[in-house]
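I opened the notebook to look through one structure, a piece at a time. I wrote each entry as I went.

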Amino acid sequence: MPRGNSQPSTDGGPQTADRRHQKASGGRRSAVGGRLRIGTLPLALAVLIALTIYAFVIWFPKPPPKPDATWVHILDAGELRVGIDPSFPPFESDDAKGNLYGLDIALASELARAWSSANETPIRVEYVYSGFDGLYDALKAKQFDAIISALPYDPKKTEDVSFSHSYFNSGPRIVVRESDAMTKTYYDLMGKPIGVELGSTGDAFARRWQRRLKFDLRTYNTPADALRALRLGQVDAVFTDLVAFNDVWRVEGGIKQVGDPLVSELVVIAVRKDTPTLLAQINAVIDAMKRDGRMEKLYAEWLVARGGSE
Amino acid sequence: MGGVVQVQGGKGTGGQGRVLPRSSAPLFPCIVKRGIRILEALALLALLCALAAPPPILVTLGPQQTVRTTNPKVGVHTRVTDEVEEWKIKKNFEMVREMDASWVVEYFPWEYIENEEGQFDWAHADLVVEHARRQGLQVIARLGFVPRWARPKDSVTSYLDEARYPTFANFVAEFVRHFAGRVQHIVIWNEPNVNFEWGYRGIAPAGYARMLQAVYPRAKASDPSVQILAGALAPTLAPPGTVDAMNDLDYLQQMYDAGAKDYFDALAIHAYGWTAPADEAPSVQRVNFSRAELLREIMVRNGDADKHAFITEGGWNDHPRWTKAVHPAERIAYTLRAYEICRGWDWLAACALWAFRYPFPAQTYLDYFTFVTPEFDPKPIYYEVQKYAAR
């Protein structure tokens with residue numbers, strides 16, 4: 001359809017009054033039709049400058065950030081102060097003689113050992129006891145530098161404290177008989193009898209999915225009771241945590257854990273928000289331990305070999 | 001430069017535009033046309049915004065419901081005082097009803113309603129009461145929380161000077177009048193045997209008795225059928241002379257000694273089990289669920305055998321780390337047993353356990369007292385109570 005002269009054109013068509021006006025007033029070159037628009041040059045220059053700055057920022061090494069005061073103090077004093085509620089085996093327990101033991105104690109020792117080695121200065125761990133509910137307040141009050149006490153990750157606390165990378169997932173898992181080669185996920189358990197500890201996270205998970213997957217849910221007073229029912233063939237699977245599983249498996253065997261945790265309950269270390277260096281140092285050690293197998297060894301020693309009945 | 005003005009062709013020009021020298025262009029029609037286009041664009045934008053906006057949430061009271069339960073004493077303490085959104089208030093009470101519980105205890109802070117002296121805002125309280133009643137629930141209202149204007153500067157909300165008792169009595173009277181026929185049970189204050197609940201002004205059973213004496217006649221004048229509940233004492237073994245708390249059994253007796261007997265219709269009891277099973281025998285040396293029987297004995301001893309008692313708080317906690325918690329399975333078993341024990345106590349009218357749901361996580365062990373998560377996910381205990389009350 002032919003356009004009238006007054007229609008603006010962008011395709012090199014009939015000249016408009018505007019274009020005639022542009023030509024009359026000195027003119028601009030259009031990019032259309034292979035010609036370079038004058039306004040492109042400043043834009044290209046701006047992009048080039050931005051890319052140069054970006055490359056500079058990316059490729060040139062940044063000066064290391066100033067270490068936070070807590071980290072400096074840990075190195076100067078040779079002491080990491082850890083807040084702990086020592087009443088939660090196999091993560092932390094007190095033998096009533098002031099001796100602490102458990103997975104968290106071993107982890108804190110690993111942190112101190114790694115930092116001592118990297119900084120060529122001895123660092124020891126000083127434990128500060130606190131009730132579990134008081135740990136966050138005591139951390140904020142600087143009674144210690146970090147909470148290492150089987151602390152569950154809590155997204156609602158991230159405004160107040162910084163959390164490390166997770167070092168354990170305590171969520172419930174699927175446990176089946178050793179001979180069961182079919183069960184890989186909870187979908188494979190549709191319509192089957194499932195055992196749970198009454199009121200536990202595994203119980204809540206099973207009830208949530210019961211309507212869709214038609215689990216035949218059977219509740220037991222303890223996870224051990226549920227796991228024994230599994231061994232006896234009364235249920236086809238149990239939803240329980242790794243600690244409870246290991247406690248029964250270590251003694252009685254005949255069962256295995258399959259798949260990922262059904263619910264993520266991440267266990268983390270908490271530090272104050274103003275201690276980014278300490279947080280980075282903790283994360284570095286946790287990550288290294290996961291990579292080189294030291295974390296697995298801690299699990300093997302404290303969760304498998306000893307367990308929650310310790 | 002003289003310049004030109006482009007005039008687009010329209011119907012009248014057969015689509016042909018004209019180019020006029022600026023000096024001679026008819027500017028006014030051009031401005032009007034552009035103005036109209038801008039207005040059209042704005043109208044379109046407004047329409048799009050209106051279409052894109054989410055529709056307002058429509059919450060209605062819904063049809064009248066009835067609680068179907070085999071144990072009409074089953075109840076819970078709800079926490080909708082701080083709930084802003086109406087649908088959450090409704091959802092709370094729907095879920096209570098679906099759990100087959102008949103009673104709810106709810107807190108109505110004085111300051112929220114009478115934020116300025118003599119100015120009563122019943123809007124939120126009405127929402128709460130109406131939604132609860134529509135679900136067929138009986139509401140027990142707990143009153144407290146002193147407004148700023150009724151207490152000294154920098155004092156806590158539990159501080160009420162004796163000179164202000166008539167002011168509080170006036171509020172209670174207004175509350176009873178407003179909710180006459182809708183709320184029949186009123187709890188006066190909370191845990192006055194704990195220092196911080198008594199404004200840090202020294203625990204005084206006689207002082208609480210005087211509060212009841214101020215409140216009771218005013219409430220009855222507003223609605224003679226209203227039931228005034230006293231006590232709601234914190235179960236504690238605090239030895240004599242403790243600043244922070246007074247033994248609840250001693251406190252109740254001292255309330256009677258101070259002449260409280262004729263100024264309440266029923267006793268509100270807090271029955272926490274801590275780590276003991278519901279069946280554990282009562283003992284003056286133990287805080288357990290059966291401690292309610294000891295309070296009852298004191299009532300009987302003081303000539304109040306005809307009065308009822310209401311458990312307005314209580315229950316068990318299943319936090320994995322708290323020293324006064326039990327395992328989840330124990331919590332469920334003890335809770336069901338407690339409701340069953342209450343069924344057999346003819347002197348007890350209702351058993352409302354703490355707490356149905358928090359509007360937001362407390363992020364402490366307190367979260368493990370609840371039946372439902374803040375996201376309205378029922379915990380296993382919810383289903384077990386439902387199963388119990390349905391059979």
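The entries below go from domains to a sheet, then to a core and to unusual backbone spots.

**Entry 1: domains**

I noted before anything else that this is a predicted model. I looked up the domain assignment of chain A and found domain 1 (69–168 + 267–306) and domain 2 (173–258). I then checked the separation of their centres, taken over C-alpha atoms, and wrote down 32 Å.

For chain B, the assignment gives domain 1 (4–52) and domain 2 (74–390). I recorded 70 Å between the C-alpha centres of domain 1 of chain B and domain 2 of chain B.

**Entry 2: a sheet in chain A**

I asked myself in what order the strands of the open sheet in chain A lie. I read off 11-10-12-9-13, which makes 5 strands with mixed pairing. At the edges I found strand 11 (216–220) and strand 13 (255–258) of chain A, each of which pairs on one side only. I noted an average twist of 30 degrees from one strand to the next.

I took one pair inside this sheet for a closer look. Strand 9 (residues 173–177) and strand 12 (residues 237–240) of chain A run antiparallel and are joined by 3 bridges. In this part of chain A, I saw A:Ile174 standing opposite A:Phe239 of strand 12.

Next I looked for helices lying across these strands. Helix 6 (residues 201–213) of chain A lies across strand 10 (193–197), strand 11 and strand 12 of chain A. I wrote down its angle to strand 10 of chain A as about 145 degrees. Helix 7 (residues 223–231) of chain A lies across strand 9, strand 10, strand 11, strand 12 and strand 13 of chain A. Against strand 12 of chain A, helix 7 of chain A runs at about 160 degrees.

**Entry 3: the largest nonpolar core**

I asked which residues touch the most other members of the largest nonpolar core. My list reads B:Val172, B:Ile186, B:Ile188, B:Leu212 and B:Leu229, out of 172 residues in that core. Helix 6 (residues 205–222) of chain B gives the most to this core, with 8 residues.

I followed B:Leu229 further, leaving aside its neighbours within four places in sequence. Among its contacts I listed B:His185, B:Ile186, B:Val187 and B:Ile188, and also B:Phe264 and B:Phe310.

**Entry 4: unusual backbone spots**

I reminded myself that most residues other than glycine have a negative phi, and that most peptide bonds are trans. I then looked for exceptions.

A cis peptide bond joins A:Pro89 and A:Pro90, with omega about 5 degrees. I placed A:Pro90 in the loop between strand 2 (87–88) and strand 3 (92–94) of chain A. In chain B, B:Trp354 and B:Ala355 are also joined by a cis peptide bond, with omega about -15 degrees. I located B:Ala355 in the loop between strand 10 (348–354) and helix 10 (380–390) of chain B.

For positive phi, I noted A:Ala96, near 75 degrees, and A:Ala150, near 50 degrees. A:Ala96 is in the loop between strand 3 and strand 4 (100–101) of chain A, while A:Ala150 lies in strand 6 (residues 146–152) of chain A.

Is A:Ala150 buried or exposed? I counted it as buried because it has 24 C-beta neighbours inside 10 Å, and the cut-off for buried is 20 or more. A:Ala96 has 6 such neighbours, so I entered A:Ala96 as exposed.

Notes:
Residues numbered from 1 in each chain as written. Chains lettered and ligands numbered in written order. Predicted model: local features only at pLDDT ≥ 70, side-chain atom pairs only at ≥ 80, totals over all residues. Domains from an automatic or database assignment. Helix = DSSP H or I, 4+ residues; strand = E, 2+ residues; numbered from the N terminus. Buried ≥ 20, exposed ≤ 12 C-beta atoms within 10 Å, placed from the backbone. Core = buried A, V, L, I, M, F, W, Y, C linked by C-beta atoms within 7 Å. Contact = placed C-beta atoms within 7 Å. Pairing = 2+ DSSP bridges. Axes fitted to C-alpha atoms, helices over the stretch in contact; angles between N-to-C directions.
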